[in-house]
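Hi everyone, thanks for making time. I'd like to walk you through a structure I've been looking at, and I'll keep it informal.

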Amino acid sequence: MPKNPTLASLAADLASGATSARKLVERCIARIADPAGEGQRTFIHVDRDAALEAADAMDRLRKANAAPSPFAGVPVSIKDLFDIKGQVTRAGSRALDDSAPADADAPAVARLKRAGFIVIGRTNMTEFAYSGIGINPHYGTPKSAWNRSVGHVPGGSSSGAAVSIADGMAFGALGTDTGGSCRIPAAFNGIVGYKPTQRRIPLDGGVPLSFTLDSYGPLANSVACCAALDAVLADEPVTPVTPRPVKGMRLAVPTTVVLDDLDDAVAKTFERALAALSRAGALIERIEVPELLDVGVMNTKGGFSAAESYAWHRFLLASKGDIYDPRVAVRIQRGEGFLAADYIDLINARRSFIARTEARIAPYDSMVLPTTANLPPTIASLADDKAFATENLRALRNPSLINVLDGCAISLPAHREGEAPVGLMLAAAGGSDRRIFELAAGMETVIRV
């Protein structure tokens with residue numbers, strides 16, 4: 001998989017004059033337009049003229065020592081789920097084609113622009129963000145960066161976001177994560193993806209899947225890149241992440257649920273990463289977390305995503321249901337049978353789950369687990385609905401636990417160069433975001449040796 005520059009290296013090059021915002025935008029546009037690449041399936045809309053105009057503006061501001069941040073002029077991609085002023089938000093669907101253009105940027109988009117990042121375009125996604133695989137029948141499916149000649153799924157729902165980073169079509173991406181949709185595509189494309197504590201970043205200006213579980217987060221080429229983007233999205237000061245020494249880290253590996261039914265390559269890579277951390281001095285303890293069994297029970301009727309997405313989609317389904325991807329529509333329609341009493345039970349079950357799990361993991365700096373149980377399947381193999389359902393659940397199982405926990409988590413590439421992509425996930429209770437970034441920065445280079 002290609003190695004791409006970090007935000008820090010780009011900021012240094014911009015500051016020194018080694019590059020310019022225009023050059024960076026032109027470079028990304030060329031990558032998107034490459035007929036041999038995945039640009040046509042990765043982007044639903046490319047804002048070429050506006051991006052070049054913004055790049056020239058950032059170059060002029062930098063020349064006048066007035067750039068709004070060190071990252072001013074760096075191109076980023078935006079998932080099609082977000083409002084961008086003057087553009088139609090389609091959320092990867094055709095059912096919203098006749099919607100009015102947004103009259104304002106989503107706050108997350110506005111914050112990126114305020115820091116000087118340049119929006120290069122809108123990225124492809126699973127329709128309405130409702131799967132962890134990344135297949136889209138309306139706009140095509142971008143191929144994972146791995147083994148491209150074969151054609152593996154990119155992971156979802158932020159599929160285009162991940163491929164835009166892996167292929168150098170942008171240097172940061174804004175995605176969403178309701179059950180792993182920043183972390184799964186990161187794992188399937190060998191990059192870093194982050195799910196923040198939900199309450200830190202406003203959900204306004206985005207098409208919801210589940211307002212209880214949705215989080216907005218970055219995908220990028222390194223932990224430091226994600227930390228910087230996360231700070232901008234949360235409207236917090238951007239300060240460098242100080243990597244924690246691996247020696248003395250207290251890490252818990254849950255033995256309940258998350259290690260079940262792993263692909264051989266996932267299990268092998270995960271155990272090798274744990275061994276590397278242990279050799280470097282991390283204190284790793286395998287513990288039972290029986291609370292994790294609760295989540296499967298909570299999702300028996302489709303969970304929060306089914307109930308809450310049905311509330312949002314029910315009128316649109318009635319008028320344009322025939323336009324929906326049937327695999328998405330059928331999952332949304334599960335919410336039709338939800339009773340108010342079921343929903344109240346779900347809220348109470350989640351509250352109990354969070355309290356008991358947080359108490360269980362409190363002695364540790366972080367949990368460590370494979371991001372997904374599976375390697376990215378081939379696109380062709382998922383033409384069968386049963387195979388799709390199986391692999392979708394295997395991709396979503398581990399990361400979705402952290403959304404139910406209301407926690408924060410990061411996926412790091414754990415495989416060696418040339419191997420199949422495997423993500424290692426660090427996860428902790430909500431509000432532990434800075435600690436997760438420091439731990440991840442400390443182990444980022446250790447786990448791949």
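I'll go through one lysine, some charged pairs, a pair of helices and a few backbone oddities. Keep in mind that this is a predicted model.

Okay, the lysine. Find K79, which sits in strand β2, residues 75-79. Which side chain of opposite charge is nearest to K79, and how far away is it? That's D214, at 8.3 Å. A salt bridge here needs the nitrogen and the carboxyl oxygen within 4 Å, so K79 has no salt bridge, even though K79 is buried. What K79 does have is a polar contact: its side chain and that of T176 are joined at 2.6 Å. Looking beyond the residues up to four places away in sequence, K79 touches a whole set of others, including T123, M125, S157, S158 and L174.

Now the charged pairs. As a bit of background, side chains of opposite charge can pair when their charged atoms come close. In this model there are 28 salt bridges, and I've picked three of them.

Start with D80 and R122, whose closest N and O atoms are 2.7 Å apart. D80 is in the loop between β2 and α5, while R122 is in strand β3, so this pair links distant parts of the chain, 42 residues apart. Are these two buried or exposed? D80 is buried, with a relative accessible area of 1%, and R122 is buried as well, at 2%.

Next up, K320 and D98 form a salt bridge at 2.8 Å, N to O. K320 comes from helix α11, residues 303-320, and D98 from the loop between β2 and α5; that's 222 residues apart. K320 counts as buried at 19% relative accessibility. The cut-off for buried is under 20%. D98, on the other hand, counts as exposed at 59%.

The third pair is R394 with D261, with 3.2 Å between the closest N and O atoms. R394 is in helix α14 and D261 is in the loop between β7 and α9, so this salt bridge ties together parts that are 133 residues apart in sequence. Here R394 is buried, at 12% relative accessibility, and D261 is exposed, at 53%.

Salt bridges can also join up into a network: take a look at R200, D230, E236 and D433, which are linked that way.

On to the helices. Two packed helices are described by the angle between their axes and the distance between the axes. For helix α2, residues 21-33, and helix α4, residues 48-63, the angle is about 160° and the axes are 7 Å apart. Over 145 degrees counts as roughly antiparallel, so that's what α2 and α4 are to each other. From α2, the residues making the contact include A21, V25 and I29, and from α4 they include L52, A55 and M58.

Last, the backbone. Most residues other than glycine have a negative phi, and most peptide bonds are trans. Where should you look for exceptions? Try the loop between β3 and α6, where you'll find F128, N147 and S157. F128 has a positive phi of about 55° and is buried, at 2% relative accessible area. N147 has a positive phi of about 55° too, but N147 is partly exposed, at 34%. And the peptide bond joining G156 and S157 is cis, with omega about 5°. You've met S157 already: it's one of the residues that K79 touches.

Technical notes. Residues are numbered from 1 along each chain as its sequence is written. This is a predicted model: local features need pLDDT of at least 70, side-chain atom pairs count only at pLDDT 80 or more; totals for chains, interfaces and linings use all residues. Side-chain values use heavy atoms; hydrogens and water are left out. Helices (H or I, at least four residues) and strands (E, at least two) are DSSP runs, numbered from the N terminus. Buried means under 20% relative accessible area, exposed over 50%, partly exposed in between (1.4 Å probe, protein chains only). Lys and Arg count as positive and Asp and Glu as negative; His and the chain ends are not counted. A polar contact is a pair of N or O atoms within 3.5 Å; within protein, one must be able to donate a hydrogen and the other to accept it, and residues adjacent in sequence count only if both atoms are side-chain atoms. Contact means heavy atoms within 4.5 Å. Axes are lines fitted to C-alpha atoms, for helices over the stretch in contact, and angles run from 0 to 180 degrees between N-to-C directions. Angles under 35 degrees count as roughly parallel, over 145 as roughly antiparallel, 65 to 115 as roughly perpendicular and the rest as oblique.
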